[in-house]
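Student: Could you take me through one part of this model up close, the strands around the hairpin and the disulfide beside them? After that, I'd like to hear about the cores and the salt bridges.

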Amino acid sequence: MARFWCGLWGGFYHGFLSLICARFFKAFRARFWILFVCVLLAGVCFSNEFGTNMRDFNLDDDSLAQTFKSQRKAQGKIKDSKTLAQDFAQTPQEAQPTQAAQSQNPQAAPQATKNIPPNLPLSSASKTAAAEYDKDNQRIFELLADEVKSENNVIHAIHNAIMINPELYTIADVIKYDIENKKVYAEGEVRIYRGGTLLVRTHSASFELDEHYGILEPLYLQDTTSGMWVNAISGSSKKGVYGFKKAIISGCQVQSPIWRMEASSGSYNAEKQRVSLWNPRVYIGDVPIFYFPYFTIDTNLNRKSGFLFPYFLSSNTEGFIYAQPYFVPIKSWFDMTFTPQVRTSRGAGGHFEMRLVDSANDRTMAEVGYLYNFDSYKERYNIKNREVYGFRFYHLGKQPLQKYFRLKNELDNGIYVNMVHMNDLDYYRLDKANKRIYDATYASKANFYLQTDNHYFGLNIKYFLNLAKLSNSTTLQSVPNLQYHKYTNSLFWKSLLYSIDYQMKNTIRTRGYGYIENAVKIPVGLQFSLFKKYLSIGLWNEFYAENLNIHSAQNSYVGGVITSEAQSQNLPNQLKYGNIFSANYSLSLNTDLSRSFDKIFHSIQFEALFSGPYPYVSYTDGLFDRQAGPYFASLRARGLSNRNSATLSSNAEFANTYPFMVNGEWKYYDDIWDPSGISAYSILANTLDLKLSQYFITNNGNLIFDWKIFQRLNFDADSNGIIKDINDPRQIARRPLENRFTYSPLDGLNLSTSFFYSFYYGSLNEISASISYNVGTFSSLLSYYYKDGGANRGFDLTSNTFTTNTHAHYMRGVLSKDFGVFALSMQAGYDISRDAFLDWDIGIYKNVRCFGIGLKFINRRRPILTNNDDNPFFIQSDYFVRVVFNFVPLGGTGLSMRF
C-alpha cells in the first residue's frame with residue numbers, strides 16, 4: 001500500500017553529483033560521510049495542489065491575521081512550539097462539551113447537532129443561546145454560553161462558549177461573532193471537533209462561516225486515526241485545509257517526542273488526511289539525521305497513488321544504488337508499482353509489478369524487470385549478460401469456463417499458472433541488491449483441469465530453467481502434457497476396485513533428443529479387512545502399456561555403433577522408439593492401530609507391499625530393452641571420462657559434450673540416451689516396500705513424538721542392473737533406509753532428524769538434524785546437514801537415476817531475543833568440508849513505542865554469472881552494514897553500505 005512520499009529529482013540530482021565527486025576520495029571514511037550527506041539531501045517532488053493551497057493561505061498579506069497576531073503578542077499569549085507542547089502535555093482531561101438544546105425549529109435541529117461528538121452530554125439549562133438562519137430558514141449556527149450578549153453587531157459568548165454549525169463543533173472560553181462580516185473569533189482554550197473527533201486544539205482561532213476560512217494562533221492539529229499531530233506557531237484554515245508555519249510534527253507523545261520533524265511551513269488536508277511539509281528536518285531527540293526539501297505524509301490507511309519508501313544502498317562494486325517505487329491503485333482490486341533504479345557504478349533499469357484480485361478471489365500477478373550494465377562493469381567482472389531481464393506471471397483462478405466462456409453447469413474446473421523466465425540470477429536482485437539466493441534452478445508450471453465426481457482431465461506445462469549452465473538449451477522441457485484419470489470405483493461388487501490413468505507427455509529441448517510418451521495404467525484389485533478391521537489386505541493386478549517415440553535427435557546418440565559391433569551386439573543401429581507392456585501384481589498388508597490414554601493419544605501404522613511382473617507376461621523392445629539401461633549408462637560414463645581427459649578439457653567448444661573416437665576421429669555428441677528418467681523402465685522389477693510410522697499427541701492436539709521409517713528391497717537389481725547370481729545378500733538393499741523422527745518434549749522445544757543409511761555400502765548416505773527452542777521473545781534454531789557424495793554413483797535401476805551426487809557438509813544457527821532494553825538477532829551458515837563461513841549476519845534493534853532503530857552487519861556469498869566455461873559462477877563475498885529507522889506511524893526506511 002502506498003503510505004506516502006517521493007523524492008524531488010532536482011534534490012536527488014544534487015546528491016548524485018556529490019556522490020560522483022565522492023568517488024574521487026580514496027579514504028573510506030571520507031566517502032562514507034559524503035554518501036551519507038547525499039542521502040540526507042535526497043529530495044522529493046511536490047504536487048501542484050499543494051502550491052495552490054499555499055497561495056490561498058498567504059498569512060503575510062492578510063491584514064486580519066497581522067492585526068490579530070499583534071494583539072496576541074502584546075498580551076503575551078503566543079508561545080514557541082516547545083513551550084506549547086509542554087502546556088498541552090500538562091493539560092488535564094478535556095472538559096466534555098455540552099449537548100446543544102433542541103431548537104424550536106424542528107428542521108434545523110438535526111443539522112445543528114449532527115457533528116456533536118458522541119458521549120459528550122451536558123445540560124443546557126444554565127446556558128444562553130443565540131442562533132442565525134439563512135433565507136431558507138436553515139440554521140447557520142447555534143451559539144451557547146454561560147453569558148451571551150450583543151454589542152455593535154457583535155455577539156459575545158462568554159464562559160464555556162459552544163458554537164455548533166453543520167460542519168464544526170467549537171468549544172472555547174470566549175467566542176465572538178461579527179454579524180455583519182460573518183466572522184467568528186474564538187479565544188482561550190479552543191477545541192474544534194469534526195465528525196465526533198478532535199480536529200484542532202489552539203489558543204485562538206478566527207474563521208468565516210461563509211468561506212470556512214480561519215486564522216489560528218498557535219495551532220495544534222491531530223489525526224485521531226494515526227496519532228500524528230502538528231504543532232505550529234501560527235496557522236490558517238480554509239475549507240478543511242490548514243496551513244501553518246514553523247511547525248513540529250510527530251507521532252510520539254507531545255511532550256519530549258522521541259522523533260520529530262521541524263518544518264518551515266506546510267499544510268494539512270483534513271479531508272484527504274495528508275500532511276505536506278517544506279524543508280523538514282528529522283530529529284531523533286535533538287540530533288538531526290535527515291533533511292528533505294519537501295515531504296508528504298498520508299495519515300490514513302487507504303490506498304492511494306504516491307511514492308513509497310525508497311531503497312538506498314552504497315556498494316564498492318555497484319556504487320550508490322537508489323530505487324524509488326511509485327504505487328498506483330487503479331481500482332480497489334487492481335494496483336501497480338513502478339520502481340526505476342540507478343546503480344552509479346553498474347547501470348540503470350527498473351522493475352514493474354501488477355496485482356489483481358477479483359470478486360471471486362482469483363489472483364493475478366505479473367512483473368517485468370530490466371537492468372542495463374555499463375561496459376566498465378561488464379569488463380571488470382567478465383559477466384555473461386550486458387542486459388539482465390526477466391518476467392514472471394502468476395494466476396490462480398476457479399471456474400474459468402463459467403466466468404469467461406459462460407458455461408451454464410457447475411462443472412468443477414480451475415487454472416494455475418506460475419511462469420518465470422530470466423537470463424541471469426541478478427534478475428532476483430533487481431528489487432533488493434543483497435537478496436540471498438539458494439538455488440540456480442527454477443521450475444515454471446501451468447495447469448488447467450476439469451473434473452466430475454468420477455473423471456479428471458488435465459493439461460499441464462513444465463518449463464525448467466537452469467542458470468547454473470551457460471545455456472539452457474540442453475535442459476529437458478515438458479510441454480505440453482495431457483492426463484485423463486478415472487477415479488477409483490467398484491467393479492461388479494463393492495470390494496472389487498479399479499481405476500484408469502492415461503498420460504501423454506511431450507519432452508523437448510533445443511539441443512539433444514526429444515520424445516513423446518503415451519502410457520496407460522489400469523489397476524484392478526480387491527481391498528478388504530480381517531480380524532475386525534485390525535488388518536487390511538489388498539490384492540491388485542496392474543496392466544501397464546507405454547509407447548515412446550524420438551521426434552528429434554539432433555547430434556544425440558540414441559542407438560547404433562560407436563566404436564565396434566561388439567559393444568552393441570544386441571541393439572539395432574538406429575533406435576527411434578520403445579515399447580513396453582507388463583502385467584504386474586501386488587500384495588499389500590497394512591494395519592492401523594490407535595489407543596487413547598489419560599493425557600496422550602498413540603497411533604501406529606505398518607504396511608508391506610510386494611509387487612512385481614507376472615512371469616512371461618511382459619514385453620519390451622527398442623529403447624526400453626532390458627539391455628539398454630546398463631549399455632547406455634556405461635556409454636555416458638565413458639563419455640564423461642573422455643570429456644575430462646587432458647586432451648579435450650581445454651576445448652571450450654565441446655566442454656559439455658560426450659566425445660568418442662570413431663574411425664580415428666573425435667565425434668562430439670550433445671547427449672546420450674538415458675532411460676533413468678522414464679518411469680516405465682523400473683516397472684519390471686520385484687520389489688518389497690516396508691513402511692512403519694507412529695506418533696504420540698496430547699489431548700490438545702500437540703505433537704509429542706513422530707517416527708517414520710521406509711525401506712525398499714529390489715530383488716532384481718545387481719550392480720549391472722540385471723539379476724544373475726546374487727552372492728551378496730546386501731545387493732537387494734542398494735536403496736538407502738530412510739528414517740525420520742520428530743520429538744517435542746517441552747512447549748517450544750522441537751528436535752527433528754532424518755538419516756539415510758545404505759546397507760549395501762555400509763555407510764550413512766545423508767543426515768539432517770535440527771533443534772529449535774522458541775519461548776516468549778526468545779527464538780533459536782541449530783541445524784546440521786551431511787551428504788556423502790561417494791555413494792550411489794552410476795546408473796541404478798532401484799532409484800531410476802544416473803547419479804553424480806555432490807558432497808555437502810554444513811551447519812546453520814539462528815538466534816534472536818528481545819531483552820526489553822534492546823533486541824538481538826544473529827545467524828550464520830558454516831561449510832564444514834571447506835572450513836569456511838557461507839554467510840552470517842548480526843543485528844541490534846531498539847523499539848520505543850513510536851520509534852525503532854536497528855543496526856545490522858551482513859555477509860553474503862553472491863554468485864555472478866560469467867563467461868567462464870569451466871566455472872560459470874564467480875562467488876563474491878559481500879559485506880554490508882545496514883541502518884534501519886522505523887517512524888511510527890509512517891513506516892520504516894534504512895541505508896545499506898557494501899564494503
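Tutor: Here is a walk from the hairpin outwards.

A word on ground rules: this is a predicted model, so local features need pLDDT of at least 70 and side-chain atom pairs count only at pLDDT 80 or more, while totals for chains, interfaces and linings use all residues. Residues are numbered from 1 along each chain as its sequence is written, and side-chain values use heavy atoms, with hydrogens and water left out.

Let's start with the strands. Helices (H or I, at least four residues) and strands (E, at least two) are DSSP runs, numbered from the N terminus, and two strands pair if DSSP finds at least two bridges between them. Strand E12 covers residues 259-269 and strand E13 covers residues 274-278; the two pair in the antiparallel sense over 5 bridges. Across that pairing, Gly-266 sits opposite Leu-277 of E13. E12 and E13 make a hairpin with 4 residues between them, and in the turn Gln-273 has a positive phi of about 55°. E13 is also joined by 5 bridges to strand E16 (residues 294-298), again running antiparallel. There, Val-275 has Ile-297 in E16 as its bridge partner.

These strands also feed into the packing. A nonpolar core is a set of buried Ala, Val, Leu, Ile, Met, Phe, Trp, Tyr and Cys residues joined through side-chain atoms within 4.5 Å; buried means under 20% relative accessible area, exposed over 50%, and partly exposed in between (1.4 Å probe, protein chains only). The largest such core has 45 residues, and Ile-175, Trp-259, Met-261, Leu-277 and Phe-887 have the most contacts inside it. Take Met-261: leaving out residues up to four places away in sequence, its contacts (heavy atoms within 4.5 Å) include Ile-249, Leu-277, Phe-295, Ile-297 and Leu-890. Apart from that core lies another, of 22 residues, with Ala-519, Val-558, Ile-580 and Tyr-631 among them.

Now the disulfide, which here is a pair of cysteine sulfur atoms within 2.5 Å. The structure holds 1, joining Cys-252 to Cys-850 with an S to S distance of 1.7 Å. The torsion about the S-S bond of Cys-252 and Cys-850 is about 100°, so this disulfide is right-handed. The pair links distant parts of the chain, 598 residues apart: Cys-252 is in the loop between strand E11 (241-250) and E12, and Cys-850 is in the loop between strand E48 (836-848) and strand E49 (851-865). Both Cys-252 and Cys-850 are buried.

Last, the charged pairs. A salt bridge is a side-chain nitrogen of Lys or Arg within 4 Å of a carboxyl oxygen of Asp or Glu, and the structure holds 22 of them. In one, the side chains of Lys-403 and Asp-358 meet at 3.0 Å, N to O. Lys-403 lies in helix H8 (residues 400-404) and Asp-358 in the loop between strand E22 (347-357) and strand E23 (363-373), so the pair ties together parts 45 residues apart in sequence. Lys-403 is partly exposed at 32% relative accessibility, and Asp-358 is partly exposed at 27%. Arg-509 and Asp-671 form another salt bridge (2.5 Å, N to O), and both of them are buried.
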